[in-house]
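Work through the following exercises with the sequence and the model side by side. Each task is followed by a solution that goes step by step.

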Amino acid sequence: MSQAGFVLEGVGLRRGGAPVLTDISAHLPRGCCTLVTGPSGAGKSSLLRLLNRLAEPDTGRILLDGRPLSGHDPLLLRRRVALVAQHTALLTDSVAGELAVGRPALDAVCAADLLERVGLGACFLSRSTEGLSGGQVQRLGLARALATGPEVLLLDEPTSALDDTATGLVDDLLAAFVTDGGTAVLVSHRTAHARRLAGHALVLEAGRLTEAGDPARLRYLAAP
Ligand SMILES: Nc1ncnc2c1ncn2[C@@H]1O[C@H](COP(=O)(O)OP(=O)(O)OP(=O)(O)O)[C@@H](O)[C@H]1O
């Protein structure tokens with residue numbers, strides 16, 4: 001029987017003539033938050049981009065619920081598997097416009113609710129994107145991803161520009177997303193994330209998978 005969630009089989013990726021990911025085999029279960037951690041440059045963001053076909057592996061393959069990702073239409077896949085990038089690229093000049101990128105038919109009540117959930121508040125709905133702070137743009141990126149109603153959220157350091165209060169709010173939102181049956185893949189350096197959110201963790205070092213399993217048992221996360 002196929003495994004629910006993502007399965008990576010011998011995945012390799014090269015960039016600029018050098019290996020970025022080498023022979024990664026792993027399971028990222030459905031209905032769970034998987035933390036992807038490891039040192040800077042280990043290949044975490046590159047791995048995330050493979051999961052919604054923003055990049056394609058050079059070797060091996062990735063399955064989602066038993067079906068090769070290469071057989072999924074990339075645009076349809078990205079509605080189900082939404083990426084919140086490390087640095088959100090704004091695509092319009094208004095907050096409402098950004099949310100509509102994710103779901104054009106989004107009504108004002110739902111849009112206001114999304115902004116509340118990420119801690120921006122409904123008052124942001126009438127704002128221009130000009131002048132938003134880094135932390136506000138980061139939360140708008142998360143709201144934009146949630147607007148599509150994704151099954152899977154891919155999150156690349158989603159709280160790197162946030163203070164402790166806003167980080168706690170985003171963590172609560174992610175925990176609720178997973179409790180409601182969603183699947184999350186979270187790239188983070190913060191071990192607090194592992195303790196609070198992750199049911200499973202992968203450690204990448206120099207493009208290789210060096211540990212996988214219960215975050216509480218991983219050597220990398222136990223290091224001071
Ligand atoms: N398009 C590219 N061309 C050349 N090298 C690349 C490209 N994309 C990624 N790399 C290299 O691949 C390696 C992994 O990058 P990646 O951004 O995936 O790491 P990361 O673990 O997410 O790092 P960080 O924690 O610093 O964000 C790095 O050495 C990076 O320079």
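**Exercise 1: The sheet**

In this predicted model, strand 6 and strand 7 run parallel and are joined by 4 bridges. Starting from this pair, work out in what order the strands of the sheet are arranged, and which strands stand at its edges.

Solution. Begin with a single pair of residues: L83 has L154 in strand 7 as its bridge partner. Next, follow the sheet across, and you will find 6 strands in the order 6-7-8-3-9-10, forming an open sheet with mixed pairing. Strand 6 (81-84) and strand 10 (208-213) each have a single partner strand, so one side of each has no neighbour in the sheet, and these two stand at the edges. From one strand to the next, the twist averages 15°. At the other end of the order, strand 9 (residues 200-205) pairs with strand 10 in the antiparallel sense over 5 bridges, and there A201 stands opposite G213 of strand 10.

**Exercise 2: Helices on the sheet**

Determine which strands are touched by helix 5 and which by helix 6.

Solution. Take helix 5 (residues 134-147), which packs on the sheet and touches strand 6 and strand 7 (152-156), with a direction that makes about 175° with that of strand 6. Then take helix 6 (residues 164-179), which also packs on the sheet, touching strand 3 (33-37), strand 7 and strand 8 (183-187), while its direction makes about 145° with that of strand 8.

**Exercise 3: Side chains and the core**

Find out which way the residues V81, A82, L83 and V84 point from strand 6, and then identify the residues that touch the most other members of the largest nonpolar core.

Solution. In a regular strand, side chains alternate between the two faces of the sheet. Accordingly, look at strand 6, where V81 and L83 point one way and A82 and V84 the other way, all of them being buried. Now turn to the largest nonpolar core, which has 58 residues, and in which V36, A143, L153, L154, V185 and L186 touch the most other members. Helix 5 supplies the largest share of this core, 6 residues. As a last step, examine V185, whose contacts, leaving out residues up to four places away in sequence, are L28, T34, V36, L48, L51, L154 and L155.

**Exercise 4: Around the ligand**

List the residues that surround the ligand, and sort them by character.

Solution. The ligand is surrounded by R15, G16, V20, S40, G41, A42, G43, K44, S45 and S46. Sorting this shell gives 2 nonpolar, 6 polar and 2 charged residues. Finally, helix 1 (residues 44-50) contributes the largest share of the shell, 3 residues.

Conventions: Residues are numbered from 1 along each chain as its sequence is written. This is a predicted model: local features need pLDDT of at least 70, side-chain atom pairs count only at pLDDT 80 or more; totals for chains, interfaces and linings use all residues. A residue is near a molecule or strand if its C-beta atom, placed from the backbone, lies within 6 Å of it. Ala, Val, Leu, Ile, Met, Phe, Trp, Tyr, Cys and Pro count as nonpolar, Asp, Glu, Lys and Arg as charged, and the others, Gly among them, as polar. Two strands pair if DSSP finds at least two bridges between them. Axes are lines fitted to C-alpha atoms, for helices over the stretch in contact, and angles run from 0 to 180 degrees between N-to-C directions. Two residues are in contact if their C-beta atoms, placed from the backbone, lie within 7 Å. A nonpolar core is a set of buried Ala, Val, Leu, Ile, Met, Phe, Trp, Tyr and Cys residues joined through C-beta atoms within 7 Å. A residue is buried if 20 or more other C-beta atoms lie within 10 Å of its own, exposed if 12 or fewer, and partly exposed in between; C-beta atoms are placed from the backbone.
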